[in-house]
Structures are given as C-alpha cells and as structure tokens.
Amino acid sequence: MFPDAAGDPRSSRAVYPGTFDPFTLGHRDLVDRARRLFEHVTVLVAVNGEKQPIKTGAERALDIRAALPADWENVTVAAWNGLTVAYCQQNGARVMIRGVRNAGDAVHESQLAAMNKTLGITTLFMPTRPELAMISSTAIRAAAA
C-alpha cells in the first residue's frame, strides 16, 4: 500500500476519475489493481462539459457500482461535478489513479499530473494491460452507434 501524507500505508486513499461513458473492462481492471494498492479507492464519475454522455453522472455511478463485485468493499463510486483535485482535497485522497494506453495518453496525462502535483495531489500512472489497450469508451460508443 502507498503511505498517506503522514507516512501511514493503512490509511491511503486514491481517486480514479473519468467520465466512464461507458465503463469498460479496462476501467474495471484498473480499479481491481488499484484496490489492492490502497486502503480505499473512489471511482469518481466526472461531469465533463465537453462531453455529452448518454446517461447522467449519477446514473453512470449507479451502473458502475452494480458492475463491480460486491466484495470489493474498499471501492466506492461517486458522481462529481467539479475539479477532481477539489474532490481529492475534500475527501482526504492524496493520489489520483490514471490509466495510460499509449504514448499519446502519457503525454496528456503527464501535463495534468504536473498541474495536480502543484495542488498537492500525486498521480499514479497505471499502464493498461496489452490485451485491453485497444478498448476505449469512444470506440465502444462508435460501435454501438
């Protein structure tokens, strides 16, 4: 487990933010791996004004919770309309989880991570498993259309 700000690994909290429209096998895999590293993980369903999801944030949060195994007791799902860093600060999470599928993701996420670090939030990059790297919410929405 990762230590919290006081160095205590037993009280570590992480947030895994995203629009999750829809929640994919890749997302589920990252939650599974993160829950083994941290005492508590929040899957944070973000509302992004640039995206037009089919369902509301609250509906997506309910769908995600239903899709996760009930015995993943250290995982919660919440909808949030605001800055992810603000959620982290208000809820005692010092680490943000971000999945990285490719070099383009890495560049984009590194820029966000640098900004978040100045606000006191560390970003943990987790590479997507190769067999799941080609799955994206965008591709799933396109196939469904």
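Among the contacts in the chain between residues at least 6 apart in sequence, 74% join residues that are at least 24 apart. The model is a predicted one, and its secondary structure comes to 5 helices and 5 strands, which follow one another along the sequence in the pattern β-α-β-α-β-α-β-α-β-α. Of the 145 residues of the chain, 42% count as buried, while the accessible surface amounts to about 8,200 Å², with 58% of that area belonging to carbon and sulfur atoms.

Helix 1, which spans residues 25-35, is mostly covered, since 9 of its 11 residues fall into the buried class, where relative accessible area is under 20%. The buried positions of helix 1 are G26, H27, D29, L30, V31, D32, R33, A34 and R35, a list in which nonpolar side chains such as those of L30 and V31 stand beside the charged residues D29, D32, R33 and R35. At the start of this helix, a side-chain oxygen of T24 reaches to within 3.3 Å of the backbone nitrogen of G26.

Side chains of opposite charge can pair when their charged atoms come close. A search of the whole structure for such pairs finds 7 salt bridges, among them two that are formed within helix 1. In one of these, R33 pairs with D29, with 3.1 Å between the closest N and O atoms; the two residues lie 4 positions apart in the helix, about one turn, and both are buried. In another, D32 pairs with R35, the closest N and O atoms being 2.9 Å apart, and here the separation along helix 1 is 3 residues, again about one turn of the helix. D32 counts as buried because its relative accessibility is 17%, a value under the 20% limit of that class. A further salt bridge joins the side chains of D63 and K55, at 2.6 Å from N to O. The relative accessibility of D63 is 38%, so that D63 counts as partly exposed, and K55, with a relative accessible area of 37%, is likewise partly exposed. Salt bridges that share partners also join D29, R33 and R129 into one network, so that the pair of D29 and R33 described above for helix 1 belongs to this network.

A pair of aromatic rings is described by the distance of the centres and the angle of the planes. Over the whole structure, a search finds 3 aromatic pairs. For F20 and F23, the ring centres are 5.6 Å apart and the planes stand at 65 degrees, and the pair is therefore edge-to-face, a class that requires an angle over 60 degrees. Both F20 and F23 are buried, and ring pairs link these two residues with Y16 into a cluster. W80 and Y87 form another edge-to-face pair, with 5.1 Å from centre to centre and 75 degrees between the planes. Within this pair, Y87 counts as buried because its relative accessibility is 10%.

In strand 2, which covers residues 40-46, the residue H40 is buried, its relative accessible area being 12%. The side chain of H40 makes a polar contact of 3.2 Å with the side chain of T76. When residues up to four places away in sequence are not counted, H40 touches S12, R13, A14, N74 and T76, and T76 is thus both a contact neighbour of H40 and the partner in its side-chain polar contact.

On the surface, L112, M115 and L119 make a nonpolar patch of about 260 Å². L119 is found in the loop between helix 4 (103-118) and strand 5 (122-127), and this residue counts as partly exposed because its relative accessibility is 44%, which places L119 over the 30% relative accessible area that membership of a patch requires.

Definitions and conventions
Residues are numbered from 1 along each chain as its sequence is written. This is a predicted model: local features need pLDDT of at least 70, side-chain atom pairs count only at pLDDT 80 or more; totals for chains, interfaces and linings use all residues. Side-chain values use heavy atoms; hydrogens and water are left out. Patches are made of residues with over 30% relative accessible area and no salt bridge: like charges are joined within 9 Å, nonpolar side chains (Val, Leu, Ile, Met, Phe, Trp, Tyr) within 5 Å. Accessible areas come from the Shrake-Rupley method with a 1.4 Å probe; for residues, only the protein chains shown count as cover. A salt bridge is a side-chain nitrogen of Lys or Arg within 4 Å of a carboxyl oxygen of Asp or Glu. Buried means under 20% relative accessible area, exposed over 50%, partly exposed in between (1.4 Å probe, protein chains only). Contact means heavy atoms within 4.5 Å. A polar contact is a pair of N or O atoms within 3.5 Å; within protein, one must be able to donate a hydrogen and the other to accept it, and residues adjacent in sequence count only if both atoms are side-chain atoms. Rings of Phe, Tyr and Trp (its six-membered ring) pair if their centres lie within 6.5 Å; planes under 30 degrees apart count as stacked, over 60 as edge-to-face and the rest as tilted.
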